[in-house]
Amino acid sequence: MAKIELIDVAHAYAPGQWAVKDINLTWEDGVASALLGPSGCGKTTLLKIISGLLQPSQGRVLIDGKDVTELDPRERNVAQVFQFPVVYETLSVYDNLAFPLRNRGVSASTVKTRVNDVAEMLGLTDVLKKNANRLGAAEKQRISLGRGIVREDTTAVLFDEPLTVIDPHMKWHLRRQLKEVQHRLKMTMIYVTHDQHEALTFADQVTVMNVGAALQTGSPQDLHERPRAPFVGYFIGSPGMNVFPATLEGNTVRAGDISVPIPAEQASTIVNNKLEVGIRPEFVKVSTEDLNGGFKGIVTNTHLTANSRIVEIDGAALVFKARLDETSNINVGDSVSVVFPDENTMVYVDEVAIDRATEEIPA
């Protein structure tokens, strides 16, 4: 297993057309991580740079402190599992799993032990003698995973949208199985996906990307409670964060009729900066009774989800969503009292969050 570092990494497929830029990321040894973002944001490019399939235009790649930027994939011992299962269709499941070991000259007894261990972990024991071409997509993807972990010298396993072609009812089972394997083997795994549910349920550490930039890295809880960029706030969550354009009046940031105070020393640094205020729907307090410090609003829309009620409210010269308990009896047309708790209300300057208590606003 290994610690992986990207230092000042950037890559352009054509002059001036940066796929990723200014990437500084660290994946600790044995951690389950995810790269999360929309299509075209640079996730797969980073995987190729880590694996050695692509040499970055600039920057360095370190594995366990060793600079591997110019080493080919074989020398890095990094395994990669792609969107579509990569298997030898005419070989048995056993021979597919054994292939990476035999290719390295591993003894037959060790091959047998490793293949049987991996097959047991992945639920492939009963199909070891079957040819791969007789199996479905989910079983073939298990084989791809097995080939990635069967070698004991593998430094990391990289997954590029590995469940894309898997039947929806099988995805949860395979993701849980993958998580169990990661915990058992303590392997460094990096999972690329555009699906927030996949990322947040698999990974202990998630990096959110957009247009070639790594916006925030943290635990699922960090990303939910303190999104460091508006994009993180509304890409993660269902519905995503309410984000409002704002202006500065003295030492107060104003969004509609909402006022968010900031320290004078921070306010003094803002000159023609883009300001926004954000709050997640689940943090908005709503009641048909008067709330202390609340403002009035009218419910304009409501719908039930699996375990909550989402309401849209027009109030304080803003339109926003709130997530309520599914048993809430608040309905369209109701007059409600609303509070945006100060501790859950974010202020963004040029799309970067500030800590209103301690941090300075970037110029």
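How many nonpolar, polar and charged residues are there in the lining of the second largest pocket? By class, this lining has five nonpolar, three polar and one charged residues. Keep in mind that the model is predicted.

Let's look at that pocket and its neighbour in the ranking. The second largest pocket is lined by residues including Ile-258, Ser-259, Val-260, Phe-295 and Asp-342. Strand E13 gives the most to this lining, with three residues. In the largest pocket, 20 residues form the lining, and the closest to the centre are Val-78, Ala-79, Gln-80, Arg-147 and Arg-151. Helix H2 (73–76), strand E6 (78–81), helix H3 (93–102) and helix H5 (137–149) each give two or more residues to the lining of the largest pocket.

| Pocket | Volume | Largest contributor | Lining classes |
|---|---|---|---|
| Largest | about 610 Å³ | E6, four residues | 10 nonpolar, six polar, four charged |
| Second largest | about 150 Å³ | E13, three residues | five nonpolar, three polar, one charged |

Strand E13 also leads us to the sheets. An open sheet of six strands runs in the order E13-E12-E11-E14-E20-E21, with antiparallel pairing. Strands E13 (258–261) and E21 (352–354) stand at its edges with a single partner strand each, so one side of each has no neighbour in the sheet. From one strand to the next, the twist averages 40 degrees. Within this sheet, four bridges join E14 (residues 275–279) to E20 (residues 346–349), and Glu-276 stands opposite Tyr-348 in E20.

Another open sheet has four strands in the order E2-E1-E4-E5, again antiparallel. Here E2 (17–27) and E5 (66–67) are the edge strands. Two bridges pair E4 (residues 58–63) with E5, where Leu-62 stands opposite Asp-67.

Conventions:
Residues numbered from 1 in each chain as written. Predicted model: local features only at pLDDT ≥ 70, side-chain atom pairs only at ≥ 80, totals over all residues. Heavy atoms only, no water. Pairing = 2+ DSSP bridges. Axes fitted to C-alpha atoms, helices over the stretch in contact; angles between N-to-C directions. 1 Å grid on protein atoms, 1.4 Å probe; cavity = no way out; pocket = protein on both sides within 12 Å on 5 of 7 lines; lining within 4 Å. Points joined across faces, edges and corners; volume = space filled by probe spheres on them. Nonpolar A, V, L, I, M, F, W, Y, C, P; charged D, E, K, R; others polar.
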